[in-house]
Amino acid sequence: MTQKSPLQKTATSFAEESADEPHHEGGFRPDFDIDLTRGGPRYGEFIEEVRTFMDRVKAALPSEELVAEVIDELKVLNAKLDEVAIDEWRAPSGGRIDLPARGNITLPPYEVDDAGEEGVHARLTFRRYHLGGNNAAHGGQVAVAFDDLMGMAGALGSKGITRTAYLTVNYRAITPLDTELKLRSWVDRMEGRKVFLRATLHNGETLCAEADGLFIKLKPGQP
Ligand SMILES: CCCCCCCC(=O)SCCNC(=O)CCNC(=O)[C@H](O)C(C)(C)COP(=O)(O)OP(=O)(O)OC[C@H]1O[C@@H](n2cnc3c(N)ncnc32)[C@H](O)[C@@H]1OP(=O)(O)O
């Protein structure tokens, strides 16, 4: 890999700064010395095909024959993937920080432009499989995007690992599909282990949604 993503750069300097601290076995068990070759160079393309599949499923009116055909093909693929299943710490999904949403198929595929102590800026395009209704993104999908990005901003801003205690989302305007949106999160203030975060989602000048959340910095070993 030649070029590092903004998140990789920040994660590397974060790892260097915390090199003398005891290894954190709790929370998301962070290990920034992670192998980004897991799944190979086409792993991102693989995840993107899975997302495209979900788009197609959401949009399809399949015939009975096509449903049967897809079931049979999926059974073959699922059996192959089942043979290579490993634990969550070593699976690339969620750990490939060089990929949109760290290669995690259950997260909206945001792309980080800038990440640091000051906050995280990302771009996000919701698509057909995120549909709530009438060409708008499902509110739960918006909340998932906020939760993950705020978790990242909380980790970088507090130099610790945080978990969501509460997350309040205010939906201000329809969040459109197939439109590149700007997602931003930053630490508002910290009180001991309490990290108060804010986040916004914009379509151009329009504020689609905003969130505030309390994330708690975990103690070493705390799940
Ligand atoms: C880069 C990767 C990003 C990934 C981001 C994904 C983030 C997530 O989705 S995490 C999953 C969702 N969250 C969870 O499952 C958390 C479940 N809850 C818990 O584990 C615990 O309740 C936890 C960790 C939040 C807090 O527990 P604990 O560490 O024992 O803290 P506790 O002593 O109870 O509280 C600490 C302080 O926070 C306050 N607090 C805790 N929860 C709340 C709450 N819901 N509302 C208000 N205040 C709260 C307490 O009152 C206390 O305040 P003070 O210090 O002033 O007395």
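**Contacts, core and ligand shell of a predicted model**

Q: What makes residues count as touching L183, and which ones do so?
A: In this predicted model, L183 touches Y110, A122, L124, A145, L149 and L201, leaving aside residues up to four places away in sequence. The test is a C-beta separation within 7 Å. These six pairs are in contact because they meet that cut-off.

Q: Why is L183 called a member of a nonpolar core?
A: L183 belongs to the largest nonpolar core, a set of 33 residues. Such a core holds buried residues of listed nonpolar types, Leu included, joined through C-beta atoms within 7 Å. L183 is therefore a buried Leu joined to the set in this way. L183 is also one of the members that touch the most others, along with Y110, V120, L149, M150, A153 and L197.

Q: Which elements supply this core?
A: At least two residues come from each of β1, β2, α4, β6, β7 (194-203) and β8. The largest share, nine residues, belongs to α4. In soluble globular proteins, nonpolar side chains tend to be buried together.

Q: What makes a residue buried, and what percentage of the chain qualifies?
A: A buried residue has 20 or more other C-beta atoms within 10 Å of its own. Of the 223 residues, 26% count as buried.

Q: How do you know that β1 and β2 pair?
A: Pairing takes at least two bridges. Five bridges join β1 (residues 111-116) to β2 (residues 119-125), so the two strands pair. They run antiparallel. G116 stands opposite G119 in β2. A hairpin of two residues connects β1 to β2.

Q: What makes β2 and β6 a pair?
A: β2 and β6 (residues 180-191) share six bridges, in the antiparallel sense. The threshold is two, so they pair. L124 stands opposite L181 in β6.

Q: What makes a residue part of the ligand shell, and how many are there?
A: The C-beta atom must lie within 6 Å of the molecule. Here 16 residues surround the ligand, the closest being G151, R163, T164, A165 and I216. Two or more shell residues come from each of α4 (139-158), β5 (162-171) and β8 (206-217). With five residues, α4 gives the largest share.

Q: What classes do the shell residues fall into, and why does G151 count as polar?
A: The shell divides into seven nonpolar, four polar and five charged residues. Gly is placed among the polar types, so G151 is polar.

Q: What does UniProt place at residues 135-206?
A: The unreviewed UniProt entry gives "domain: Thioesterase" for that span. The span is 28% helix and 49% strand, with its end C-alpha atoms 17 Å apart.

Definitions and conventions: Residues numbered from 1 in each chain as written. Predicted model: local features only at pLDDT ≥ 70, side-chain atom pairs only at ≥ 80, totals over all residues. Helix = DSSP H or I, 4+ residues; strand = E, 2+ residues; numbered from the N terminus. UniProt positions renumbered as here; feature names shortened; annotations may be inferred. Buried ≥ 20, exposed ≤ 12 C-beta atoms within 10 Å, placed from the backbone. Contact = placed C-beta atoms within 7 Å.
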